[in-house]
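Here is a friendly walk through one small corner of a protein model. Have a look at the sequence and structure, and then we can take some questions together.

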Amino acid sequence: MGEPAYRSVMKKFDRCIRYTILAVLSIGIRQRNWGAVVNAIVAIVGTYLPEIVEKRADMELLPWQQTYARMAMAAHSVGMIGPYEDTWWWDHLTHTHSATLLAGAVHVLSRRRGKDPRLRVLTAVGCAGVLWEIVEYAVHRTAARFDLEPILVPYGKRDTVLDLCFDAVGALLVVAFGDSLLENLVPQRDQPTRDEQARRGSDDS
């Protein structure tokens with residue numbers, strides 16, 4: 001498949017992602033599932049983040065990278081209308097997927113600054129995962145107190161531990177494959193040699 005055809009396919013897939021989120025929005029409105037409605041609106045806005053990042057950070061994402069980011073938005077919004085409760089692995093999938101996005105951002109930022117990303121990736125994802133679980137619990141408790149539809153739903157201590165574990169899986173995937181999958185986002189002159197990586201890693205420790 002040539003480059004123009006490849007980009008055309010990716011654009012069509014991106015449109016399908018947005019249509020899927022709009023469908024979730026429609027279902028949420030019909031079912032009066034306001035959690036799904038709010039999450040779908042946030043997800044639609046989130047699908048435009050790749051373009052914003054490109055402009056703000058002066059970089060060009062590959063088509064598959066843009067689509068991958070948008071798929072995380074669709075997976076989360078779809079989960080709100082059933083899969084989070086009915087499909088045991090859906091929550092694990094979305095946590096891993098979202099964690100790779102944050103980990104990828106930290107990885108690229110670290111590389112562009114000439115730093116070893118490994119510890120930074122693991123730390124950022126771990127802290128963000130804990131913060132997310134706290135926010136999820138707080139939002140649910142507040143909604144319950146005022147008898148409102150919660151936009152985020154925790155499913156107990158075991159689920160929280162599993163969420164953090166799959167966050168870690170996402171971070172480890174980026175640690176393992178980030179250099180090869182995200183090298184287009186790091187200017188060649190900024191990529192450290194292996195000796196520099198080892199030296200900087202020892203300096204960080």
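**Two neighbours in sequence and their helix**

I134 is found in helix α7. Keep in mind that this model is predicted.

Q: Is I134 buried or exposed?
A: Let's start with the cut-off: a residue counts as exposed when its relative accessible area is over 50%. I134 has a relative accessibility of 52%, so I134 counts as exposed.

Q: How far apart in space are I134 and T160, C-alpha to C-alpha?
A: Along the sequence, I134 and T160 are separated by 26 residues. In space, their C-alpha to C-alpha distance is 9.7 Å.

Q: Which side chain of opposite charge is nearest to E133?
A: E133 sits in helix α7, which covers residues 118–145. E133 is buried yet has no salt bridge. A salt bridge would need a side-chain nitrogen of Lys or Arg within 4 Å of a carboxyl oxygen. The nearest side chain of opposite charge is 13 Å away, and it belongs to R158.

Q: Which residues does E133 contact, leaving aside its neighbours within four places in sequence?
A: E133 is among the α7 residues that meet α8, and T160, D163 and L164 are among the α8 residues on the other side. With those sequence neighbours set aside, the contacts of E133 are H95, T160, D163 and L164.

Q: Is α7 roughly parallel or roughly antiparallel to α8?
A: The axes of α7 and α8 (residues 157–181) come within 9 Å and cross at roughly 155 degrees. Angles over 145 degrees count as roughly antiparallel, so α7 is, relative to α8, roughly antiparallel.

Notes:
Residues numbered from 1 in each chain as written. Predicted model: local features only at pLDDT ≥ 70, side-chain atom pairs only at ≥ 80, totals over all residues. Heavy atoms only, no water. Helix = DSSP H or I, 4+ residues; strand = E, 2+ residues; numbered from the N terminus. Buried < 20%, exposed > 50% of the residue type's maximum accessible area, 1.4 Å probe, protein only. Lys, Arg positive; Asp, Glu negative; His and termini not counted. Contact = heavy atoms within 4.5 Å. Axes fitted to C-alpha atoms, helices over the stretch in contact; angles between N-to-C directions. Parallel < 35°, antiparallel > 145°, perpendicular 65-115°, else oblique.
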